Amino acid sequence: MKLSNYYLPTLREVPADAEIPSHQLMLRAGMIRSLSAGIYSYLPLGYRVIRKVEQIVREEMDRSGALEVLMPAMQIADIWKESGRWEEFGPLMVRFKDRNEREYCLGPTHEEVIADIVRDEVRSYKDLPFNLYQIQTKVRDEIRPRFGLMRAKEFIMKDAYTLDRDEEGLDKAYQNMYDAYVRVFERCGLDTRVVEADSGAMGGSGSHEFMVLADSGEDDLAFCTDCDYAANVERAEAGLEISSSGASASAADNDPAADEAAAIEKVHTPDATTIEDLVNMIEVSPKKMIKTMAYVADDKPVVALIRGDDQLNEVKFRNHLGAIELRPAHPDEFPERFGSVAGFIGPVDLPEDIKIVADSRIQELEQAVTGANQKDYHLVNVNPHRDIKEIEAFTELRTVQAGDPCPKCGGALEIKSGIEVGHIFKLGTKYSSSMEATYLDENGREQPIVMGSYGIGVTRVAAAAVEQHHDERGIVWPLPLAPYQVIILPLGNSSEVSQAAEELYQELQDAGLEVLLDDRDERAGVKFNDAELIGIPLRITIGSRSLEKEEFEVQIRRSGEEFNIDRSTASAEIKKLLEEEIE
RNA sequence: CGGGCUGUGGCGCAGUUUGGUAGCGCACCUGCUUUGGGAGCAGGGGGUCCUCGGUUCAAAUCCGAGCAGCCCGACCA
């Protein structure tokens, strides 16, 4: 394509609204424009990248035996009510009514539609297994869209669904998709890690996320420095810690004198509503404090007990409770529902209807500090086993931190941030059961189809690629995702130069390469800067200076390397350079 | 949904404290010169100053309400 007839609105300055590199650069490179927060148009250059990602995904899905379909973006509420997710999805789903007051949503995902498609047609075990996928725009009313394509309200996703007879079939299908995903991200030139994940609202038994490591990532990931353990911190568990306080706690249990020596005391702690305030006021280590986190789970009051220096992991808490809706209690709710005041709530003598769940680390605490359920007072010398009678369970509720022991090998965990570009789930029979998608097995018995679901955020992959591949001059596309492979810059206005450029352009195009010709009437600096900003892997400069010697100048975007090539062998040389660039 | 910041030409911003009829850089158009890393000179076009209401002789500026965008948090396949 010739830039003189292209729509490439590059920006010299960084748009004020964009925070992270991929957002800034995609705007500056004229790839995307936003219509509203989290809603984007993909301009010609940007859409080419999207299509490159789609094509790689498509090829690998096809290779894995999956079949491409296209499902409706507009879905009826009925199927969501059947699966129970009409309520569960909450405000994340964009809903509307047609002229007849019939309820619809814009598909945030397609498990229900898949179940509907197959339930009427799949009758026998002989019809299974198979795998359907689509590449389509998904719509989710994100609470807070941000970071450009990274978290948008409308985004392109590849979603695949496997349908199997049993768990064994699902395991195979899951592994097949896992392998396909590894190939997809490798081909995209992305450095990804696979981590164990929480399956969240999707339900199901097993789940892995494919993560691109990047500082701007919204997910925290725990990696073991010694073994291959890797998990999203939402799910990551810490191994057992052999601590001295743990040992002494059991000793204390056997020593009634120790308990007596440490009777509960109420201390005046005016305005100390945070752990930090308390540390300053009574000089106790946060490790000796019990944080009491008040939540409302499906409209019932619950509290989580966490050591003062730990963070509550809401996913673990929610999973333990089996709750659908879990939210922090609002301060206004404290007096009535928790019999206390925000900032001073504690587990000792709470109203009886409140469920108490404690992190396993609470078990080994003694002479701890916690809220007194009375404004401006805390309790000291609290021993959980003696003083908190209604603890429903001790379980791991805390978020793992760097340095925590690995659950697999005991080595130290480290925390890195990552961008979730793919997520695979073993759904099991959650949707097939509720929506009656069944088949008859060899014995003529009706069985629910066993499903898996597999997503790749296509637009997010493009953004993640920019996060991982850019420098101070702009984007540095990995060759497989580059919108064009080569850009030719004729400099000056001599007809020899433009003729040579035109010839090379034709030659490269005939050779099947994707080529841009910057034939705009712009100064050299403008052309150089734009070429580097949009990140084309190979830049060919043609100017009278080198043309006199029958040479073209090459710059490799990634390395910055520059050298000359002979005009006569240019196109063969360029092809060779591109092949090398793939490796 | 809570906290903070911001809305002035396509982009980046000043002007708001102290009210007086809108400005700078970039981009854009015309001409001349220039032409290998975001050109120079001259001339020119473009703005409901987010919206609505109020105060005032007079509002970008003061007051009230609303809307939008961004950041932090909450939340979120």
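In the predicted model, chain A carries 65 positive and 108 negative side chains. The centres of these two sets lie 3 Å apart. Side chains of opposite charge can pair when their charged atoms come close, and the count of salt bridges comes to 43.

One of these pairs is formed by Lys 426 and Asp 171, with the closest N and O atoms 2.9 Å apart. Lys 426 belongs to strand β21 (residues 413–428) and Asp 171 to helix α6 (residues 167–187), so the salt bridge ties together parts that are 255 residues apart in sequence. The two partners were assigned to separate accessibility classes: Lys 426 counts as buried, at 18% relative accessibility, and Asp 171 as partly exposed, at 36%.

A salt bridge between Lys 408 and Asp 228 also has its closest N and O atoms at 2.9 Å. This pair links distant parts of the chain, 180 residues apart. Lys 408 is located in the loop between β20 (391–395) and β21, and Asp 228 in the loop between β11 (219–224) and β12 (230–232). Lys 408 is exposed, with a relative accessible area of 56%, and Asp 228 is likewise exposed, at 62%.

For Arg 307 and Asp 309, the N to O distance in the salt bridge is 2.8 Å. Arg 307 has a relative accessible area of 10% and is buried, while Asp 309 is partly exposed at 24%. Salt bridges also form a network, which links Glu 59, Glu 60, Arg 63, Arg 183 and Arg 187.

Asp 219, found in strand β11, is buried yet has no salt bridge. The nearest side chain of opposite charge is that of Arg 460, at 5.6 Å; because a salt bridge requires a nitrogen to oxygen distance within 4 Å, the pair is not counted as one. The side chain of Asp 219 does make a polar contact of 3.3 Å with the side chain of Asn 232. With neighbours within four places in sequence left aside, the residues in contact with Asp 219 are Met 211, Asn 232, Lys 416, Ser 417, Gly 418 and Glu 420.

Burial was also examined for helix α1 (residues 21–28). Six of the eight residues of this helix are buried, so α1 is largely enclosed by the rest of the structure. The buried residues are Ser 22, His 23, Leu 25, Met 26, Leu 27 and Arg 28. They pack against strands β1 (32–36), β2 (39–42), β25 (470–471) and β26 (474–475), and against helices α14 (458–468) and α16 (524–534). Just after α1, Gly 30 takes a positive phi of about 70°.

At the level of the whole chain, chain A contains 18 helices and 31 strands. Its C-alpha atoms fill a box of roughly 100 × 65 × 50 Å along the principal axes. Of the 583 residues, 52% count as buried. The exposed area of chain A is about 26,800 Å², of which carbon and sulfur atoms supply 46%. Among contacts with a separation of 6 or more, 69% are accounted for by residues 24 or more positions apart.

How values were computed
Residues are numbered from 1 along each chain as its sequence is written. Chains are lettered from A and ligands numbered from 1 in the order in which they are written. This is a predicted model: local features need pLDDT of at least 70, side-chain atom pairs count only at pLDDT 80 or more; totals for chains, interfaces and linings use all residues. Side-chain values use heavy atoms; hydrogens and water are left out. Helices (H or I, at least four residues) and strands (E, at least two) are DSSP runs, numbered from the N terminus. Buried means under 20% relative accessible area, exposed over 50%, partly exposed in between (1.4 Å probe, protein chains only). Contact means heavy atoms within 4.5 Å. Accessible areas come from the Shrake-Rupley method with a 1.4 Å probe; for residues, only the protein chains shown count as cover. Lys and Arg count as positive and Asp and Glu as negative; His and the chain ends are not counted. The place of a charge is taken as NZ of Lys, CZ of Arg, CG of Asp or CD of Glu. A polar contact is a pair of N or O atoms within 3.5 Å; within protein, one must be able to donate a hydrogen and the other to accept it, and residues adjacent in sequence count only if both atoms are side-chain atoms.
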